[in-house]
Amino acid sequence: MQIQRRIFLGSIGAGALAGSLDAQASVATTPPATAGDKWDMSWVERVNRKHRAVFDSPGFGGGVGLFRATGWKHQYKDVYGTAPEDMNSVLVLRHEGIWLVMNDAFWKTYKVGEAQDFKHKDTGKFRQTNPVASTPPDAPPEFADMNAPTFLASGGIILACHLAFGEVADLVKKTDKMATDDEAEKKAMTFVLPGVIMQPSGVFAALRAQEAGCQYIMAS
């Protein structure tokens, strides 16, 4: 499955890919009548507050996408006095950002920092844990809620790209010497942060959030 996906992506020319994305955007203007059983689309019904934004995070960036998705709510409160209950913050993690949906156990077991060349900007050392899985104890008070569990608990929505997740499964398959892609993906899914919702692709997720009324911003 993943090998076929890579061959497919590698064989598409830039012009054909652009045309494909244009076609997806066109089709997405009319949401499907039913979501089916494979994908959890219940999050769409939760995007119903006065202020709505989708933070598209295709880059790793040390987790800056989540920081921006959280900081936006703080800033609206500072400027307008807006209550958090009046705001929807949707974070889409795709491409390199997909590694941010994995828990610390996965990062340590599969040495994500080394495998992806993710280094801490201050120490220059390979990262050993997911920077958004928790907030460091020495972080300033204003950063206390800038982590995935708190973001989700406060009503935030995190959507993950299934296409990009194939790279995560590939790492599991290679490291554990598994025979099939399906077996590797099944194991990789057990390490996903609780509350993260898998979507067909990050492009799909970002477009669907916009259809639900979210303002769009590139967050990483």
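Before we start, one term: two residues are in contact when they have heavy atoms within 4.5 Å of each other. Keep in mind, too, that this is a predicted model.

**Exercise 1. Take stock of the chain.** Find how many helices and strands the protein chain has, and what share of its residues is buried.

*Solution.* Start with the secondary structure: there are 10 helices and five strands. Next, turn to burial: of the 220 residues, 42% are buried.

**Exercise 2. Check the length of α4.** Work out whether the span of helix α4 (residues 64–80) agrees or disagrees with its number of residues.

*Solution.* Count first: α4 has 17 residues. At 1.5 Å a residue, the helix should therefore span 24 Å. Now look at the end C-alpha atoms: they sit 24 Å apart, so the two values agree. Just past the helix comes Gly-81, with a positive phi near 75°.

**Exercise 3. See what α4 packs against.** List the elements that meet the buried residues of α4.

*Solution.* Pick out the buried residues, among them Leu-66, Ala-69 and Trp-72. Then follow their packing: it leads to the strands β1 (51–57), β2 (87–93) and β3 (157–161), plus helix α7 (148–153).

**Exercise 4. Put the sheet in order.** Give the strand order and say whether the pairing is parallel or antiparallel.

*Solution.* Reading across the open sheet, you get β4-β3-β2-β1-β5, with parallel pairing. At the edges are β4 (197–199) and β5 (215–218), each pairing on one side only. From one strand to the next, the twist averages 25°. Zoom in on β1 and β2 and you'll find seven bridges joining them; Ser-57, for one, has Leu-93 in β2 as its bridge partner.

Technical notes. Residues are numbered from 1 along each chain as its sequence is written. This is a predicted model: local features need pLDDT of at least 70, side-chain atom pairs count only at pLDDT 80 or more; totals for chains, interfaces and linings use all residues. Side-chain values use heavy atoms; hydrogens and water are left out. Helices (H or I, at least four residues) and strands (E, at least two) are DSSP runs, numbered from the N terminus. Buried means under 20% relative accessible area, exposed over 50%, partly exposed in between (1.4 Å probe, protein chains only). The expected span of a helix is 1.5 Å times one less than its number of residues. Two strands pair if DSSP finds at least two bridges between them. Axes are lines fitted to C-alpha atoms, for helices over the stretch in contact, and angles run from 0 to 180 degrees between N-to-C directions.
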